[in-house]
Amino acid sequence: MSATPQTHVPKDLSGRLPVTLPQLAEKKRLGEQIVMVTAYDYPSAQVAEEAGVDIVLVGDSGAMTVLGYPSTVPVSVEEMLMLCAAARRGLTTPLLVGDLPFGSYESSDEQAVITAQRFVKEAGCDAVKLERGGTSAQRARAIVDSGVAVMGHVGLTPQTATSLGGHRAQGRTADRALQVARDAIALEEAGCFAVVFEAIPAAVGDVLMRLLNVPVIGIGAGAATDGQVLVFHDLLGIYDGHVPRFVKRYAEIKAQMVAGVAEYAADVRAGAFPGQEHSYTIDPDELALFEARLVQGGVVRTGRG
Ligand code: KIV
């Protein structure tokens with residue numbers, strides 16, 4: 001094993017072109033895996049950009065990972081738009097998908113179209129994502145008809161986790177697997193350019209892959225899907241709430257962040273920071289003049305130290 005430390009080499013991103021929907025379909029055709037990751041702000045988007053992912057999802061998981069809500073349910077459209085706009089500023093290449101939050105698209109086609117268009121116009125998203133089949137498939141069709149690309153999401157749909165019996169794997173009986181199949185097909189027929197499968201048995205994922213023509217991105221759905229997605233804060237070890245079985249940790253960033261801030265705090269308390277190298281200088285003559293002028297100008301009186 002080499003002991004050479006890994007150094008970060010900034011990539012030259014100048015030659016990269018934005019990822020398009022036809023390119024994603026082509027990747028599926030060629031059997032090339034599609035890489036998707038969530039991001040919620042400028043720095044995480046820049047990380048995704050430099051790492052060369054294909055799709056960045058500003059997931060409503062940001063409600064929990066960056067806004068501190070106990071679930072994805074409370075996050076508002078305004079909050080999601082702010083996160084999406086920040087991510088947009090950090091991205092050039094990956095396709096940017098914004099998650100429509102719970103309560104922002106279910107009531108009517110009109111509500112769904114208005115919300116989806118805000119994600120495109122105000123936050124610069126390339127596409128939006130919504131959860132479930134049923135009426136959501138109808139909403140997806142309305143959004144697609146209005147000119148906005150839509151990604152579907154079936155299986156474990158966290159916005160309605162309560163009615164699914166909690167945050168647990170879905171499709172584990174024949175009937176429930178059939179429901180997932182129906183939802184996925186309905187979303188494809190509604191015009192979705194891709195569908196996310198979340199937390200379903202790998203064997204069910206295998207079967208469903210035979211039924212869909214659009215790219216399928218899996219998260220806890222086995223290895224047969226056309227691509228994978230993970231939540232940024234889960235894969236990098238930044239979020240330390242509940243970590244689902246399907247997460248693989250690639251780093252322990254939170255521990256490093258805590259260690260860094262703790263070292264800074266210790267340095268400040270010990271007088272070890274800032275050092276001279278962190279301080280600005282002034283010409284000694286200018287400093288003497290400044291001190292004299294403080295007195296002359298009456299800003300400080302002599303004898304006050
Ligand atoms: O909100 C999110 O991060 C998601 C992914 C898990 C697909 O919906």
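## Exercises on a predicted model

The chain is divided into domain 1, spanning 21–251, and domain 2, spanning 257–296. The model used in these exercises is a predicted one.

**Exercise 1.** Determine how far the centres of domain 1 and domain 2 lie from each other.

*Solution.* When the centres are taken over C-alpha atoms, domain 1 and domain 2 are separated by 48 Å.

**Exercise 2.** Describe how helix α6 and helix α7 pack, beginning with their angle and ending with the residues that meet.

*Solution.* Begin with the axes: α6 (residues 135–145) and α7 (residues 174–189) pack at an angle of about 15 degrees, and their axes are 8 Å apart. Next, apply the cut-off, by which angles under 35 degrees count as roughly parallel; α6 and α7 are therefore roughly parallel to each other. The crossing in which α6 passes α7 is right-handed. Finally, turn to the residues: from α6, Ser-136, Ala-137, Ala-140 and Arg-141 meet Ala-186, Leu-187 and Glu-189 of α7. Sorted by class, this contact of α6 with α7 has four nonpolar residues, one polar residue and two charged residues.

**Exercise 3.** Place Gly-222 in the chain, and decide whether Gly-222 is buried, partly exposed or exposed.

*Solution.* Gly-222 is found in the loop between β7 (216–219) and β8 (227–230). Buried means under 20% relative accessible area and exposed means over 50%, with partly exposed in between; Gly-222 has 29% relative accessibility and so counts as partly exposed. If neighbours within four places in sequence are left aside, Gly-222 is in contact with Ala-202 and Gln-228. As a last step, consider Asp-41, which is 181 residues from Gly-222 along the chain: the C-alpha atoms of these two residues are separated by 29 Å.

Conventions. Residues are numbered from 1 along each chain as its sequence is written. This is a predicted model: local features need pLDDT of at least 70, side-chain atom pairs count only at pLDDT 80 or more; totals for chains, interfaces and linings use all residues. Side-chain values use heavy atoms; hydrogens and water are left out. Axes are lines fitted to C-alpha atoms, for helices over the stretch in contact, and angles run from 0 to 180 degrees between N-to-C directions. Helices (H or I, at least four residues) and strands (E, at least two) are DSSP runs, numbered from the N terminus. Angles under 35 degrees count as roughly parallel, over 145 as roughly antiparallel, 65 to 115 as roughly perpendicular and the rest as oblique. A crossing is left-handed if the near helix is turned anticlockwise from the far one by less than a right angle, and right-handed if clockwise. Contact means heavy atoms within 4.5 Å. Ala, Val, Leu, Ile, Met, Phe, Trp, Tyr, Cys and Pro count as nonpolar, Asp, Glu, Lys and Arg as charged, and the others, Gly among them, as polar. Buried means under 20% relative accessible area, exposed over 50%, partly exposed in between (1.4 Å probe, protein chains only). Domain bounds come from an automatic or database domain assignment.
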